Amino acid sequence: MRGRGPGAGGGRGGYCDNSGLDMATPPNRWNAARREESVRSKTGGSLARYARAQKSLAGGVSTALRRSARPSPLYFERGSGARITDVDGNVYLDYTLAWGPLILGHAPEVVNRAIEAQLGKGHTFGAQHDLEYEVAEMLCRAIPCADLVAFANSGTEIVQVALRVARAATGRTKYLKFEGHYHGWDDSVLVSYRPTRQQIEASGGAAIPVGLGQRPGREAVAVEWNDRAAVERAFDEAGADIAAIVCEPLLCNSGCLAAEPGVLAFLREISSRHGALLIFDEVITGFRLALGGAQQHYGIVPDLATFAKAAGGGLPLSVLAGRREYMGLIGEGKVVHAGTLNGNPIVLAAAKAALEELSQDDGAAYRGLWARGEELRTGMESLLRTAGLPVVAAGGGPVFHISFQERPARTYRESMAADTAMYSDFALALLDEGVLVLPDGRWYLSTAHGVNDVEQTLEAVRRAIG
Ligand SMILES: Cc1ncc(COP(=O)(O)O)c(C=O)c1O
């Protein structure tokens with residue numbers, strides 16, 4: 001296999017990579033050179049805009065990961081349902097869904113109407129209004145751990161609120177996280193996220209910062225996902241200082257790696273045993289695996305949970321949900337939680353409309369999401385395997401991950417065996433065939449993706465394989 005090799009850092013779609021921008025790629029089964037030429041020939045408008053943007057906007061993009069698009073970041077004009085149209089008029093079936101938020105697809109009518117209705121009434125009040133408690137009540141009904149909720153604007157922010165609450169509740173300062181899990185870009189949590197092998201070897205077990213300029217944090221204790229013994233050891237060594245365990249209950253950011261049977265229950269038990277809080281970071285899994293998120297799907301209830309992405313139906317909303325005894329610290333003003341735009345009425349109008357849509361017909365939206373997603377995931381896996389490729393299709397239904405490696409990974413380190421350069425070529429071929437996917441192997445489904453879209457996508461996969 002023509003992999004970049006473990007630890008080379010290329011093509012993983014992480015912050016420190018150049019994501020397969022390998023201009024010297026030799027001819028291969030995906031015809032990468034021809035595909036690249038073909039995409040470039042029909043995306044001239046995007047290429048010109050990117051060149052212009054780089055002169056005024058740092059990196060030419062609004063968030064670093066978007067630079068990793070191959071051959072070059074595209075510019076889009078409109079999105080509708082499962083499709084997105086670029087400035088050159090190319091229409092793509094979209095499985096990026098803005099990196100996850102668009103659970104109902106692009107510009108769903110119900111959300112549009114709700115936003116339009118609110119627009120005329122005011123954009124932000126910096127004060128109370130009915131949508132706040134209406135959405136809060138819906139969230140408390142839907143999310144198992146939610147006695148109370150609090151609003152903010154981004155996942156990064158809300159994770160910080162969760163950790164602050166955990167520190168306040170326990171009087172401790174450290175937290176335990178898992179390698180490969182992403183919890184936003186704040187210094188305190190942007191550690192041990194997709195480190196290279198060299199970094200792991202050099203770290204001596206300490207949490208590894210991702211980029212320059214980060215304060216050297218001492219709060220994070222990082223261990224491998226699915227390694228119960230390492231969690232036990234961490235609590236044996238530092239249990240009296242650990243305020244919380246934080247995890248993505250399905251590790252979507254590094255390959256959709258599931259917790260092995262019993263691991264989430266183990267994390268629930270060991271955190272309680274040591275007086276630490278269990279925090280599920282449901283920024284991706286929330287409103288995606290089920291209306292009540294991974295905690296509903298897996299039946300394990302954390303003390304606190306963070307939500308963003310799909311929570312706002314495409315608008316910037318994040319939510320902290322949790323048990324009354326912890327959320328009460330915010331309620332009593334002992335833990336500071338602030339933000340000028342928190343509870344923005346336009347955002348909450350969108351969230352209310354999206355939640356109503358997702359709650360209808362006793363979970364019909366989720367039955368559809370899972371059915372379509374599984375048809376696509378297993379269909380693609382079968383096509384790639386029949387072509388003789390060593391494919392792993394991890395996760396399921398509403399969010400899954402395709403990688404080229406021999407065996408399913410249990411941990412981030414095992415996921416490093418994947419041939420990321422091959423995936424990048426595959427993604428490029430799909431783009432040329434009219435299917436837009438993320439550079440890191442993650443695929444998101446929306447309720448707008450129908451049976452015909454799945455068939456059209458599988459047809460594109462067949463053509464990409466050749
Ligand atoms: C699991 C998880 N937590 C937190 C975040 C940070 O969210 P945001 O990008 O809204 O700051 C992300 C973003 O991708 C995420 O996937």
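## A tour from helix α3 to the ligand

Start by selecting helix α3, residues 109-119, where Val111, Ala114 and Gln118 are buried. Look down the helix: these three cover an arc of only 65° around the axis, which puts them on the same side of α3. That fits a simple rule: an α-helix has 3.6 residues a turn, so residues three or four places apart point the same way. Now colour the other side of α3, where you'll find Glu109, Asn112, Arg113, Glu116, Ala117 and Leu119 exposed. To see what the buried side of α3 packs against, add α11 (345-359). Keep in mind as you click around that this is a predicted model.

**Next stop: the two domains**

Colour the protein chain by domain. Domain 1 takes in 32-107 + 364-465, while domain 2 runs over 125-343. Put a dummy atom at the centre of each, going by C-alpha atoms, and the distance between the two is 27 Å. How many residues of each domain are in contact with the other? On the domain 1 side there are 23, and they meet 25 residues of domain 2.

Stay on the domain 1 side and show β13 (391-396), β14 (399-404) and α13 (412-415), each of which supplies at least two of the residues that touch domain 2. The largest share comes from β14, with four residues. Switch to colouring by residue class, and this side of domain 1 splits into 13 nonpolar, seven polar and three charged residues.

**Into the core**

Hide the surface and select the largest nonpolar core, which has 139 residues; Ala166 and Ile279 touch the most other members. Bring α11 back, since that helix gives the most to this core, with 10 residues. Both domain 1 and domain 2 give residues to the core, so it lies between them.

Zoom in on Ile279. Leaving out residues up to four places away in sequence, what does Ile279 touch? One of its contacts is Ala166, and next to that in the list you can pick out Ala162, Ala244, Ile245, Val246, Pro302, Asp303, Leu304, Ala305 and Thr306.

**Another helix, α7**

Move to α7, residues 228-238, and select the buried Val231, Ala234 and Phe235. Viewed down the axis of α7, the buried residues fall within an arc of 95°, so they line one face of the helix. Flip to the other side of α7 and you'll meet Ala229, Asp236 and Glu237, which are exposed. For the cover over the buried residues, show β5 (174-178), β6 (220-223), β7 (242-247) and α8 (263-273), which are among the elements involved.

**A cysteine to check**

Select Cys140, which sits in helix α4 (residues 130-142). Is Cys140 buried, exposed or partly exposed? With 15 other C-beta atoms within 10 Å, Cys140 counts as partly exposed. Apart from neighbours within four places in sequence, Cys140 is in contact with Ala146, Asp147 and Val149. For a distance label, draw a line from the C-alpha atom of Cys140 to that of Val336: the two are 196 residues apart along the chain and separated by 21 Å.

**Last stop: the ligand**

Centre on the ligand and show the 13 residues around it; Ser154, Gly155, Thr156, Gly184 and Val283 come nearest. Which helix gives the most to this shell? That would be α5 (residues 155-170), with three residues. By class, the shell around the ligand divides into five nonpolar, six polar and two charged residues.

Definitions and conventions
Residues are numbered from 1 along each chain as its sequence is written. This is a predicted model: local features need pLDDT of at least 70, side-chain atom pairs count only at pLDDT 80 or more; totals for chains, interfaces and linings use all residues. A residue is near a molecule or strand if its C-beta atom, placed from the backbone, lies within 6 Å of it. Ala, Val, Leu, Ile, Met, Phe, Trp, Tyr, Cys and Pro count as nonpolar, Asp, Glu, Lys and Arg as charged, and the others, Gly among them, as polar. Domain bounds come from an automatic or database domain assignment. Two residues are in contact if their C-beta atoms, placed from the backbone, lie within 7 Å. A residue is buried if 20 or more other C-beta atoms lie within 10 Å of its own, exposed if 12 or fewer, and partly exposed in between; C-beta atoms are placed from the backbone. The arc is that of the directions from the helix axis to the C-beta atoms. A nonpolar core is a set of buried Ala, Val, Leu, Ile, Met, Phe, Trp, Tyr and Cys residues joined through C-beta atoms within 7 Å.
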